[in-house]
Amino acid sequence: MKPISLGRVLLLPLPLPLPGLPDLKTPRTVHSLCNCYATMSDLTDDPTKPTSQNALQTPQNYPVPLSPPLPPMSKDIELSRAMSASSKSSLYTISRRDFIYEDEWLIAVNKPQGVYCESVFDSVRKVLSDSAEPGIEASPPELHLANRLDRDTSGLMLITKSHKVAAKLVKAFATHRVTKTYIALCIGSVPKWEKITIQSGHGRSKFGAWRVYAASDVGRTLPGGSVVRDMETSFELLSVNGQGIFKEPSEFKKDEGNVIVVEERAEIYTDGEKDEILVRARPKSGRSHQIRLHCQYLGISIRGDVKYEGLYEWKGRTYDGHELHAESLSFEHPITGLPLVFRAPLPSWASEALQQQ
């Protein structure tokens, strides 16, 4: 058989054996062949000069995720939840009485679990349109979503009424001038900490799931071209199995002496006992699924969060979504400069976790 030359790489038609290489019938040999070609390139090219050949990273050069992949069971459950949420969202309506706050520049509302942000937004738009005074022509407000919540996360959503206010709030979120707190009900072994802060990397490969990465991997490129970004969350233990005292979000202070900087996979030790653990989370950054990922890393996955190892069934009951609630938002008003603090009412699962004592 005649060899085919492509540039500096010699391709030999199979099944001709290549000297010095193992049998090409096994999957492992394919990796060996790729490594061989990478080595040939290293020998013929200057690795300090970016070219189409040496610019490609081999799998060994990519950051390794430190949290596990999605459980196989999560795919079907998530699909079922998405279909249910689509149906629920199409029927969702809100009234002005449900607004937590409104002025001429912005609106704060309490999003329910299992409803998409876009449906809440559309319902607010309809309320404002229907409440316009008849016979008076006025330009409709330029509504924008200032923050987004996951489908099954309940709690505070901000909607602005102009481009100017939207731009200011987006900048405030991006520069960490908005303080956010969340409440989560987790299942796991009782933490040894009362307060803790976790710092790590965050990212996902092309078409992959969000994963925790080492803090030292921040800035490195992942398959598909995305980059590992930093994320930091502070946690406060509120109750265990209903035993605890609820504290106001304003009392939440970060424990500077108890910080985990993630550099390796978590070692979760359990004696088989699982408890109901209510925590408050304060994310400094605003990465997708940040609190859910950090709860998983700490070994206290959120109840119902099947994507990140949360229990789908607990004490004979199945859960339609994860139990995470956007509790409060604090920031300066983008126009008046006055301090604003918004609180969303606690969902029933949070209230019950605090009233079992």
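Ala, Val, Leu, Ile, Met, Phe, Trp, Tyr, Cys and Pro count here as nonpolar, Asp, Glu, Lys and Arg as charged, and the others, Gly among them, as polar. By that division, the lining of the largest cavity in this predicted model comprises four nonpolar, three polar and two charged residues. The briefing covers this cavity, a strand pairing between E3 and E4, and a cluster of aromatic rings formed by Tyr101, Phe331 and Phe342.

**Internal cavity**

- A search of the whole structure returns one cavity of 30 Å³ or more.
- The volume of the largest cavity is about 40 Å³.
- Its lining consists of Asn147, Leu156, Lys180, Thr181, Tyr182, Ala326, Glu327, Ser328 and Leu329.
- Strand E7 (179-188) and strand E16 (324-332) are the elements that supply two or more residues to this lining.
- With four residues, E16 gives the most to the lining of the largest cavity.

**Strands E3 and E4**

- Strand E3 (residues 99-102) and strand E4 (residues 106-111) run antiparallel and are joined by three bridges.
- The connection from E3 to E4 is a hairpin through three residues.
- Opposite Ile107 in E4 stands Glu102.

**Aromatic pairs**

- The description of a pair of aromatic rings rests on the distance of the centres and the angle of the planes.
- The count of aromatic pairs comes to three.
- In the pair of Tyr101 and Phe342, the ring centres are 4.8 Å apart and the planes stand at 35 degrees; the pair is therefore tilted, because stacked requires planes under 30 degrees apart and edge-to-face requires over 60.
- Since Tyr101 belongs to strand E3 and Phe342 to strand E17 (residues 339-343), this pair ties together parts that are 241 residues apart in sequence.
- The pair of Phe331 and Phe342 is edge-to-face, with 5.8 Å centre to centre and 75 degrees between the planes.
- Phe331 lies in strand E16 and Phe342 in strand E17, so their pair links parts that are 11 residues apart in sequence.
- Through these ring pairs, Tyr101, Phe331 and Phe342 are linked into a cluster.

**Exposure of the cluster residues**

- Tyr101 has a relative accessible area of 24% and is partly exposed, because the buried class ends at 20% and the exposed class begins over 50%.
- Phe342, at 5% relative accessibility, counts as buried.
- Phe331 is likewise buried.

Key. Residues are numbered from 1 along each chain as its sequence is written. This is a predicted model: local features need pLDDT of at least 70, side-chain atom pairs count only at pLDDT 80 or more; totals for chains, interfaces and linings use all residues. Side-chain values use heavy atoms; hydrogens and water are left out. On a 1 Å grid over the protein atoms alone, a cavity is a set of points where a 1.4 Å probe fits but cannot get out, and a pocket is an open set with protein on both sides within 12 Å along at least five of seven lines; lining residues have an atom within 4 Å of a point. Grid points are joined across faces, edges and corners, and a volume is the space filled by probe spheres set on the points. Two strands pair if DSSP finds at least two bridges between them. Rings of Phe, Tyr and Trp (its six-membered ring) pair if their centres lie within 6.5 Å; planes under 30 degrees apart count as stacked, over 60 as edge-to-face and the rest as tilted. Buried means under 20% relative accessible area, exposed over 50%, partly exposed in between (1.4 Å probe, protein chains only).
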